[in-house]
Amino acid sequence: MKSKIAVYILFVMLTSCKSQVVKENDNDNVLLGDKVTVYDEVFLVNDKNPEEWVKGIERDKLFSSLFYQIFKENQQVYSPNTEFPDYNNISSNEDIMRIFGWNEPKEEYGDLKEILFTEEWDISSNFKKFTKKVNYYCPIRVYFREGTQELLKAKTFYVKPTSNKKGKQVAKNIFLEFDLGLAVFPHYSGLDDRKLVNTTFDAIQAGTVTVYDPIYIVDKSRVPFTPDELEEFLGISLSSDNLRNSVLSIITEEDWYFDAESMNISKEIKSLGFVSEYFEDGKFKSKILFFIMFD
């Protein structure tokens, strides 16, 4: 994503299917399907994206609370040796310490650089709210094999929250990019990414949703675009299939909260950016087109 920032500076912005009509019912999910399940690998440390994107994550605060619940309060977690949690296979403290190479419980979380989430997503049809409900998650240990430069990854344990309690804030104003182009299980299911794109662009053209200049990601400036201003800014019609089909990822701005009792990670989605990817001058490039703000 550092290259994406360079593209942003170059363009002075980070910048088919049949069109869909926005429904009036706020409960309608513009992401097709009764249930949208997303299998999202979130990088807490990631040199592909600007470090500023995730500097608001308090990893020590999150993991110290989580491990306290496991080691001191004997909260149950589940075996990482399956693709999805096996609720009949509980991980013991000894199992967890073996994964970390510990002889006793410690407060050393530097290797925990990713979290694998399974979530349910919903965006209201009036674009007022985007929710991510965490069904379960798995911290990922990323480390070098002892005495070598071989990078290894290991799932540590699965956590299944026992409620949706919000808890204490552990991340603020972080930006995460999600690849819509991986439309294969288990990346996500039930999500019609083309409908999401077309519904959004149709709503922008109809003036029913306001979008903002992507400079927001740099300095939090909220500069709104009219549909005509956005087309002028992008240099292409919002009806263009080439533009719509080039949207292959999205960026969410999030605050996270951790409730120790339920071990729930609650996410508040504050904004949503659409990212266009294209091939130019022999290279793949990308730019953020606009942001939508949520209540």
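**Figure 1. Val-209 lies in the loop between H4 and strand S9 (211–212).** The view is taken from a predicted model. Val-209 counts as buried, at 9% relative accessibility. Leaving aside residues up to four places away in sequence, the residues that Val-209 touches are Phe-127, Thr-200, Ala-203, Ile-204 and Ile-292. Met-293 stands 84 residues from Val-209 in sequence, and the two C-alpha atoms are 9.4 Å apart in space.

**Figure 2. Glu-253 has its place in strand S11.** With a relative accessible area of 1%, Glu-253 is buried. Its side chain makes a polar contact, at 2.8 Å, with the side chain of Ser-271. Ser-271 also appears among the residues that Glu-253 touches, when residues up to four places away in sequence are not counted. The rest of that list consists of Asn-173, Ile-174, Phe-175, Tyr-216, Lys-220, Glu-268, Ile-269 and Lys-270.

**Figure 3. The side chains of Arg-141 and Asp-111 form a salt bridge.** The N to O distance is 3.0 Å. Arg-141 belongs to strand S5 (residues 130–144), while Asp-111 sits in the loop between helix H3 (93–100) and strand S4 (112–123), so the salt bridge ties together parts that are 30 residues apart in sequence. Arg-141 has a relative accessible area of 12% and is buried. Asp-111, at 27% relative accessibility, counts as partly exposed.

**Figure 4. A salt bridge joins the side chains of Arg-145 and Glu-150.** Here the N to O distance is 2.7 Å. Both partners are partly exposed: Arg-145 has a relative accessible area of 39%, and Glu-150 has one of 38%.

**Figure 5. Arg-244 and Asp-202 meet through their side chains in a salt bridge.** The distance from N to O is 2.9 Å. This pair links distant parts of the chain, with Arg-244 in helix H7 (residues 241–245) and Asp-202 in helix H4 (residues 193–206), 42 residues apart. Arg-244 and Asp-202 are both buried. Elsewhere, Glu-41, Glu-114 and Lys-153 are joined into one network by salt bridges that share partners. The count of salt bridges comes to 15.

**Figure 6. The rings of Phe-117 and Trp-256 form an aromatic pair.** A search of the whole structure gives 23 aromatic pairs. In this one the ring centres are 5.4 Å apart and the planes lie at 75°, so the pair is edge-to-face, since planes over 60 degrees apart count as such. Phe-117 is in strand S4 and Trp-256 in strand S11 (residues 247–259), which places the partners 139 residues apart in distant parts of the chain. Phe-117 is buried, with a relative accessible area of 0%. Trp-256 is likewise buried, and its relative accessible area is 0%. Lys-267 lies over the face of Phe-117, at 3.5 Å from the ring centre.

**Figure 7. Phe-130 and Phe-294 form an edge-to-face pair.** Their ring centres are separated by 6.0 Å and their planes stand at 80°, so this pair is edge-to-face. Distant parts of the chain are linked here: Phe-130 is in strand S5, and Phe-294 is in the segment after strand S13 (283–293), 164 residues apart. Phe-130 has a relative accessible area of 3% and is buried. Phe-294 is buried too, with a relative accessible area of 9%.

**Figure 8. Ring pairs link a set of Phe, Trp and Tyr residues into a cluster.** The members are Phe-63, Phe-67, Phe-71, Phe-100, Trp-102, Tyr-109 and Phe-157. Among these, Phe-100 falls at the end of the residue range of helix H3 (93–100).

**Figure 9. Lys-287 lies over the face of Tyr-278.** The distance given for Lys-287 is 5.4 Å from the ring centre of Tyr-278.

Methods: Residues numbered from 1 in each chain as written. Predicted model: local features only at pLDDT ≥ 70, side-chain atom pairs only at ≥ 80, totals over all residues. Heavy atoms only, no water. Salt bridge = Lys/Arg side-chain N within 4 Å of Asp/Glu carboxyl O. Helix = DSSP H or I, 4+ residues; strand = E, 2+ residues; numbered from the N terminus. Buried < 20%, exposed > 50% of the residue type's maximum accessible area, 1.4 Å probe, protein only. Phe/Tyr/Trp six-rings, centres within 6.5 Å; stacked < 30°, edge-to-face > 60°. Lys NZ or Arg CZ within 6 Å of the ring centre and 35° of its normal. Contact = heavy atoms within 4.5 Å. Polar contact = N/O pair within 3.5 Å; in protein donor to acceptor, adjacent residues only side chain to side chain.
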